Amino acid sequence: MQYRTHFTTSLVVALPIMAATDTLTIGSVLAVGLGAVFPDIDEPHSWIGCRTRGISDVLNKVFGHRGITHSLAGIFVVFLTVALMIGLTDFKAIIGLYFILGYILHIVEDSFSKSGVKWLIPLSEHSFQSGMGVVWYRTGSIVENFIFLGSILILILQIKTLDFNIASFTGINLTGNLENLINQTKSFIGR
Ligand SMILES: [Zn+2]
């Protein structure tokens, strides 16, 4: 799956969780988005791999694409790293949790591809296909493009229907500022 489809499909899952838990912020969205593209750091030609050349080259040489970064062991390593960052630095727990959510969603999404995912690396090289071999897509195919477009449509619907609080999302109280402006104008005219 391409980075853009990982980004949009992961947000489709994450946005309702953010809305329900009142944690819908730009930081949360970016954390899920980064987590959702991060596992492909083992592929130098992927979106994240291009931006981390050197690291992505080494990871690709040592583990191969869809190796340890796409496994339960990989999730465990990421979880430990994030937990340490939260424990030892000022790193926000909610941002770390949404990064991990994005990371896990990426692997689940990849597991629906034709070739599936080797969840149990390094214990087993067995590939698991989540769609039981019936529901699947090939990376970059027309089916994936449909998934991408479909997820954008769903995102638009979600943004329209969710209790989308622009003030808490951007940190800017637009409505409040507007009310202030109207009140000031009213008192100015009244004078
Ligand atoms: Zn991947």
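**Exercise 1. Burial of two residues in α6**

Task: In this predicted model, determine whether His106 and Asp110 are buried or exposed, and state how they are placed relative to each other in helix α6.

Solution.
Step 1. His106 is buried, and Asp110 is buried as well. For Asp110 the relative accessibility is 1%; the cut-off for a buried residue is under 20%, and therefore Asp110 counts as buried.
Step 2. Both residues belong to helix α6, which spans residues 93-111. Because they are 4 residues apart in this helix, about one helical turn separates His106 from Asp110.
Step 3. Contacts of Asp110 beyond four places in sequence are made with Met1, His6, Asp40, Arg66, His70, Gly116, Val117 and Tyr137.

**Exercise 2. The zinc site**

Task: Identify which protein atoms are donors of the zinc ion, describe their spacing along the chain, and explain why the arrangement is irregular.

Solution.
Step 1. The protein donors are OD of Asp40, NE2 of His70, NE2 of His106 and OD of Asp110, at 2.0 to 2.2 Å from the zinc ion.
Step 2. Along the chain, these donors follow the spacing D-x29-H-x35-H-x3-D. The pair His106 and Asp110 lies within helix α6.
Step 3. The angles subtended by the 4 donor atoms run from 89 to 172°. A tetrahedral assignment would require all angles to lie between 85 and 135 degrees. The upper value of 172° falls outside that range, so the tetrahedral label does not apply. The arrangement is irregular because of these angles.
Step 4. Two of the donors, Asp40 and His70, are also in contact with the donor Asp110.

**Exercise 3. The nonpolar cores**

Task: State which residues make up the largest nonpolar core and which helix gives the most to it.

Solution.
Step 1. The largest nonpolar core has 12 residues: Leu11, Val12, Ala14, Leu15, Met18, Leu24, Val29, Ala31, Val32, Tyr98, Leu155 and Leu162.
Step 2. At least two residues of this core come from each of α1 (3-20) and α2 (26-37). The most is given by α1, with 5 residues.
Step 3. Another core, of 9 residues, lies apart from the largest one; among its members are Ile75, Phe99, Tyr103 and Trp119.
Step 4. In soluble globular proteins, nonpolar side chains tend to be buried together.
Step 5. Tyr98, a member of the largest core, touches Ile17, Met18, Thr21, Thr23, Ser28, Ala31 and Val32, when residues up to four places away in sequence are not counted.

**Exercise 4. Packing of α2 against α6**

Task: Describe how the axes of α2 and α6 cross, give the handedness of the crossing, and list which residues make the contact.

Solution.
Step 1. The two axes come within 6 Å and cross at roughly 35°. The crossing is right-handed.
Step 2. From α2, the contact involves Gly27, Ser28, Ala31, Val32, Leu34, Gly35, Ala36 and Val37. From α6, it involves Ile95, Tyr98, Phe99, Gly102, Tyr103 and His106.
Step 3. Among these contact residues, Ala31, Val32 and Tyr98 also belong to the largest nonpolar core. His106 is both a contact residue of α6 and a donor of the zinc ion.

**Exercise 5. Backbone conformations in the loops**

Task: Locate the cis peptide bond, and determine whether Arg66 and Met132, which have a phi near 55°, are buried or exposed.

Solution.
Step 1. The cis peptide bond runs from Ile121 to Pro122, with omega near 5°. Pro122 lies in the loop between α6 and α7 (142-161).
Step 2. Arg66 has a positive phi although it is not a glycine. Arg66 is placed in the loop between α4 (55-63) and α5 (72-88). With a relative accessible area of 13%, Arg66 is buried.
Step 3. Met132, likewise a residue other than glycine, has a positive phi, and it is found in the loop between α6 and α7. Its relative accessible area is 74%, so Met132 is exposed.
Step 4. As background, most residues other than glycine have a negative phi, and most peptide bonds are trans.

**Exercise 6. A residue of intermediate accessibility**

Task: Classify the accessibility of Ser127 and state which residues it touches.

Solution.
Step 1. Ser127 is found in the loop between α6 and α7. Its relative accessible area is 29%, so Ser127 is partly exposed.
Step 2. Beyond four places in sequence, Ser127 touches Ser115, Gly116, Val117 and Lys118.
Step 3. Ser127 and Ser46 are 81 residues apart in sequence, with their C-alpha atoms 21 Å apart in space.

How values were computed: Residues numbered from 1 in each chain as written. Predicted model: local features only at pLDDT ≥ 70, side-chain atom pairs only at ≥ 80, totals over all residues. Heavy atoms only, no water. Donors = N, O, S within 2.8 Å, 3.2 Å for Na, K, Ca; no water. Tetrahedral: all angles 85-135°; square planar, octahedral: opposite > 155°, others 65-115°. Buried < 20%, exposed > 50% of the residue type's maximum accessible area, 1.4 Å probe, protein only. Core = buried A, V, L, I, M, F, W, Y, C linked by side-chain atoms within 4.5 Å. Contact = heavy atoms within 4.5 Å. Axes fitted to C-alpha atoms, helices over the stretch in contact; angles between N-to-C directions. Left-handed = near helix turned anticlockwise from the far one by under 90°.
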